[in-house]
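User: I would like to understand how the labels given to a structure follow from its values. Could we go through them step by step?

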Amino acid sequence: MKNIKEDKPCFGLNVKFKEGIDINEDEGKIISLNLTSRNTSVPFIVVAIGSEAKQQGIDGIFAICSEKCGTKMKSTLDKEIDLFSSYSTILSELM
């Protein structure tokens with residue numbers, strides 16, 4: 001939940017939305033997504049239809065700065081049961 005500095009590594013947490021949740025109108029954009037369990041909004045990358053990520057069943061990506069951050073975000077996502085059906089960590093850095 002903090003800014004990732006330009007010269008620091010950035011990783012991602014892939015997510016799949018529950019069936020019936022459609023954010024395709026924002027495909028290829030970074031949006032602000034409200035996490036009710038944390039009472040805050042966070043940046044969220046909506047993958048583009050036709051992208052490799054979408055073909056792998058990924059709906060979006062949260063940028064994370066470290067494993068510790070990823071663990072905290074996974075804990076938050078476990079509480080967001082109305083939105084997400086699954087998540088997995090990207091092990092390589094995002095560009």
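Analyst: Let us begin with a definition: a salt bridge is a side-chain nitrogen of Lys or Arg within 4 Å of a carboxyl oxygen of Asp or Glu. Please keep in mind that this is a predicted model.

User: What makes the contact of aspartate 59 with lysine 54 a salt bridge?

Analyst: The closest N and O atoms of aspartate 59 and lysine 54 are 2.8 Å apart, and the definition asks for a nitrogen within 4 Å of a carboxyl oxygen, so the pair is called a salt bridge.

User: How do you know that the side chains of aspartate 59 and lysine 16 also meet in a salt bridge?

Analyst: Here the N to O distance is 3.8 Å, which again satisfies the limit of 4 Å, and therefore this pair carries the label too. Aspartate 59 lies in the loop between helix H1 (52–55) and strand E4 (60–64), while lysine 16 belongs to strand E1 (residues 11–17), so this salt bridge ties together parts that are 43 residues apart in sequence. By this rule the structure has 2 salt bridges, and through shared partners Lys16, Lys54 and Asp59 are joined into one network.

User: Why is aspartate 59 called buried, and what are lysine 16 and lysine 54 called?

Analyst: Aspartate 59 has a relative accessible area of 9%, and because buried means under 20%, the label follows. Lysine 16, with 32%, and lysine 54, with 25%, fall between the limits of 20% and 50%, so both count as partly exposed.

User: How many disulfides does the structure hold, and why is cysteine 69 not bonded to cysteine 65?

Analyst: The structure holds 0 disulfides. The sulfur of cysteine 69 is 4.0 Å from that of cysteine 65, its closest cysteine sulfur, and since a disulfide needs sulfur atoms within 2.5 Å, this is too far for a bond. For cysteine 10 the closest cysteine sulfur is also in cysteine 65, at 8.4 Å, which is likewise too far. Cysteine 69, at 16% relative accessibility, and cysteine 10, at 18%, are under the 20% limit and are therefore buried.

User: Which residues gather in the patch of positive charge on the surface, and why is arginine 38 called partly exposed?

Analyst: The patch consists of Arg38, Lys68, Lys72 and Lys79. Arginine 38, found in the loop between strand E2 (30–35) and strand E3 (40–46), has 42% relative accessibility, and because this value lies between 20% and 50%, arginine 38 counts as partly exposed.

Methods. Residues are numbered from 1 along each chain as its sequence is written. This is a predicted model: local features need pLDDT of at least 70, side-chain atom pairs count only at pLDDT 80 or more; totals for chains, interfaces and linings use all residues. Side-chain values use heavy atoms; hydrogens and water are left out. Patches are made of residues with over 30% relative accessible area and no salt bridge: like charges are joined within 9 Å, nonpolar side chains (Val, Leu, Ile, Met, Phe, Trp, Tyr) within 5 Å. Accessible areas come from the Shrake-Rupley method with a 1.4 Å probe; for residues, only the protein chains shown count as cover. Lys and Arg count as positive and Asp and Glu as negative; His and the chain ends are not counted. The place of a charge is taken as NZ of Lys, CZ of Arg, CG of Asp or CD of Glu. Helices (H or I, at least four residues) and strands (E, at least two) are DSSP runs, numbered from the N terminus. Buried means under 20% relative accessible area, exposed over 50%, partly exposed in between (1.4 Å probe, protein chains only).
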